[in-house]
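Here is a short report on salt bridges, a ligand shell and a surface patch. Please look through the model before reading on.

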Amino acid sequence: MPTMGALHQGHLDLVKKCVAQADCTVVSIFVNPTQFNNQEDFEKYPSSVKEDLDLLESAGVDYVFLPEVDTMYPSSPVLKLNFGHLETILEGAFRPGHFNGVGVIVSKLFHIIRPDLAFFGQKDLQQVAIIQTLVRDLSFPIEIIVVPTRREEDGLAMSSRNRRLSDLERKTALIIFDSLSVAAKELKEGKEWLVVQEQIIRQFQEQESVKLEYFELVERETFEIKKHFDPHQKMAICVAAYVGEIRLIDNLIINS
Ligand code: AMP
């Protein structure tokens, strides 16, 4: 189970599933420099190794892999992974190079740990599509298990980056989950997606401390961007926004 540490209940949901299903659970904690396209985001990424280790021990984890950067990258990788369409939209478009970094580090971890099962969160839905592509195209003999998003009581998706929000930003950040909930409800009531999308974009524009990057309807597996909602297709709404300096992402699956 790859993580970047600063663990929260969302990570522990993955751990719990793994402990229940596997004979041996290995969790890695590694803040992977190559997947950050923003140096400040990397430098300020929260870290709480001691607390993380205590949490993982109580959760019944067998091994924690805590490598140094030099161990994972004795030399800078020359190889570049390109995930085609997934690179051109949403996280791929707004974070150039991010998925290459994710693909390379997850491949390295898969080779080192050699898991039979690997657990990833729905919170990073596009990352799930990336990992599934990686496993399929490079024939990793690994089953990918996706775990639902864990939320705070008010709906904010748990994220290590939430620790960097001020009290006021924490309140403001609720617009992300609220916008997803409102949009999903309106789609189910039959409202046109483009109308819903425009209304949500306007609501974001009214919030001074929030900067919306995208609010899109996609087919859940291919990540094809949709202009119309189809209740017979597997769809999700994906959002990314800055609250102050902190970039947060979330998504809602609207039919299964
Ligand atoms: P990270 O430490 O952010 O790289 O996340 C490690 C793993 O935990 C990834 O597979 C994430 O998708 C997953 N994860 C992060 N936040 C959540 C959450 N709120 N609910 C479920 N899974 C999560």
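With which residue does Arg164 form a salt bridge? The partner is Asp41, and the closest N and O atoms are 3.9 Å apart. A salt bridge here is a side-chain nitrogen of Lys or Arg within 4 Å of a carboxyl oxygen of Asp or Glu. This pair links distant parts of the chain: Arg164 sits in the loop between β5 and α9, Asp41 in helix α2 (residues 39–43), 123 residues apart. Helices (H or I, at least four residues) and strands (E, at least two) are DSSP runs, numbered from the N terminus.

The model is predicted: local features need pLDDT of at least 70, side-chain atom pairs count only at pLDDT 80 or more, and totals for chains, interfaces and linings use all residues. Residues are numbered from 1 along each chain as its sequence is written, and side-chain values use heavy atoms, with hydrogens and water left out.

**Salt bridges**

The structure holds 15 salt bridges. The table lists some of them.

| Acid | Base | Closest N and O atoms |
|---|---|---|
| Asp13 | Arg150 | 2.9 Å |
| Asp41 | Arg164 | 3.9 Å |
| Glu91 | Arg247 | 2.8 Å |

Take the bridge between Asp13 and Arg150. Asp13 lies in helix α1 (residues 9–21) and Arg150 in the loop between β5 (143–147) and α9 (167–172), so the pair ties together parts that are 137 residues apart in sequence. Asp13 counts as buried because its relative accessibility is 15%. Buried means under 20% relative accessible area, exposed over 50%, and partly exposed in between (1.4 Å probe, protein chains only). Arg150, at 35%, is partly exposed.

Now take Glu91, which forms a salt bridge with Arg247. The pair links distant parts of the chain, with Glu91 in helix α6 (residues 90–94) and Arg247 in strand β8 (residues 246–253), 156 residues apart. Glu91 is buried, with a relative accessible area of 6%. Arg247 is buried too, at 13% relative accessibility.

Salt bridges that share partners also join Asp41, Arg161 and Arg164 into one network. In it, Asp41 counts as buried at 14% relative accessibility, while Arg164 is partly exposed at 24%.

**Ligand shell**

Which residues come nearest to the ligand? They are Met4, His11, Asp124, Arg150 and Met158, out of 17 residues around it. A residue is near a molecule if one of its heavy atoms lies within 4 Å of it.

Oxygen atoms of the ligand have several N or O atoms close by. One is 2.6 Å from an N or O atom in the side chain of Asp124. The side chain of His11 has an N or O atom 2.9 Å from a ligand oxygen. For Gly121, a backbone N or O atom lies 2.9 Å from an oxygen atom of the ligand. The protein covers 92% of the 490 Å² of accessible area that the ligand has on its own. Accessible areas come from the Shrake-Rupley method with a 1.4 Å probe; for residues, only the protein chains shown count as cover.

Helix α1 gives the most to the shell, with 3 residues. β1 (2–3), α1 and β4 (117–121) each supply at least two.

**Surface patch**

Val49, Leu53, Val64 and Leu66 form a nonpolar patch on the surface, with about 260 Å² of accessible area together. Such patches are made of residues with over 30% relative accessible area and no salt bridge; like charges are joined within 9 Å, nonpolar side chains (Val, Leu, Ile, Met, Phe, Trp, Tyr) within 5 Å. Leu53 lies in helix α3 (residues 49–58). At 33% relative accessibility, Leu53 is partly exposed.

Technical notes: A polar contact is a pair of N or O atoms within 3.5 Å; within protein, one must be able to donate a hydrogen and the other to accept it, and residues adjacent in sequence count only if both atoms are side-chain atoms.
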